[in-house]
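Below is a short briefing on a single-chain model. The overall build comes before one helix and its surroundings.

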Amino acid sequence: MRLTKLGHSCVRLEKNGGSLVIDPGVWSGPDAAASADAILITHEHPDHVDGARVATALTGRKDLELWASATVAGQFAEFGGRIHTVDDGDVFQAAGFDVHVYGHDHAVIHPDVPVVVNTGFAVDGQVFHPGDSLTVPREPVPVLLIPVNAPWLKVSEMIDYGRAVAPSRGYAIHDGLLNENGLALAQRLLGMAAGSGGGTFSRLEPGTSVEI
């Protein structure tokens with residue numbers, strides 16, 4: 001499959017003519033949702049789901065389907081059977097991809113901030129997108145999309161998370177708040193996430209694609 005990094009936490013996966021987009025949020029670019037045959041949403045925060053653009057895409061494409069938690073799915077109830085509710089442990093197919101759902105909670109930002117539902121997605125047993133969490137999937141994954149900067153995240157947690165999942169490759173996500181200085185620092189720190197496992201961790205510029 002081909003993986004393309006879009007803005008912030010959004011990626012597009014393509015295989016056999018099918019296109020699966022995960023987390024088309026407000027920093028993902030205007031065409032992120034429009035390029036999808038299927039959409040997966042990890043949680044309700046606007047940097048992961050741009051409700052207006054997703055609704056526009058669903059209106060324009062009568063075959064476009066979406067999978068998300070009940071909270072997110074409820075925002076698009078008007079689209080009926082094309083909206084699917086998922087939770088930890090679910091397995092389904094979307095745009096020709098096999099998807100396993102892992103996790104239930106967003107990482108804690110602060111005790112005063114309510115914890116929302118967050119579902120990570122493992123696609124074809126190859127790529128894991130954790131959303132805003134440090135969920136370790138219950139199956140080995142060769143490619144981890146690893147959050148590198150967030151109000152809920154410490155650098156030590158990012159490094160330990162990469163080592164716990166221990167993929168062959170890791171690619172940075174959740175980097176939309178960083179300027180050039182922060183991005184350069186994140187790239188250097190990503191190297192520590194591999195530990196002694198032999199994997200490689202790096203950041204892709206938005207619009208860049210790699211073969212998985």
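Four helices and 14 strands make up the secondary structure of the chain in this predicted model. The radius of gyration is 16 Å, close to the 17 Å that the globule rule gives for 212 residues, so the chain is as compact as a globular protein of that length.

**Dimensions and packing**
- The C-alpha trace spans about 45 × 45 × 35 Å along the principal axes of the chain.
- Buried residues account for 51% of the 212 in the chain.
- Among contacts with a separation of 6 or more, 53% are between residues 24 or more positions apart.

**Surface and charge**
- About 9000 Å² of the chain is exposed, and 51% of that area comes from carbon and sulfur atoms.
- Charged side chains number 14 positive and 25 negative.
- The centres of the positive and negative sets are 6 Å apart.

**Helix H1**
- Helix H1 covers residues 51-60, and its buried residues are Val-54, Ala-57 and Leu-58.
- These buried residues lie on the same side of H1, because they cover an arc of only 100 degrees around the axis.
- Three strands receive the buried residues of H1: S4 (38-40), S5 (65-68) and S6 (83-85) pack against them.
- On the face turned away from the buried side, H1 carries the exposed residues Ala-52, Thr-56 and Gly-60.

Note on methods: Residues numbered from 1 in each chain as written. Predicted model: local features only at pLDDT ≥ 70, side-chain atom pairs only at ≥ 80, totals over all residues. Heavy atoms only, no water. Buried < 20%, exposed > 50% of the residue type's maximum accessible area, 1.4 Å probe, protein only. Helix = DSSP H or I, 4+ residues; strand = E, 2+ residues; numbered from the N terminus. Arc of directions from axis to C-beta. Contact = heavy atoms within 4.5 Å. Rg over C-alpha atoms; globule rule 2.2 N^0.38 Å. Areas by Shrake-Rupley, 256 points an atom, 1.4 Å probe, with all protein chains shown as cover. Lys, Arg positive; Asp, Glu negative; His and termini not counted. Charge placed at Lys NZ, Arg CZ, Asp CG, Glu CD.
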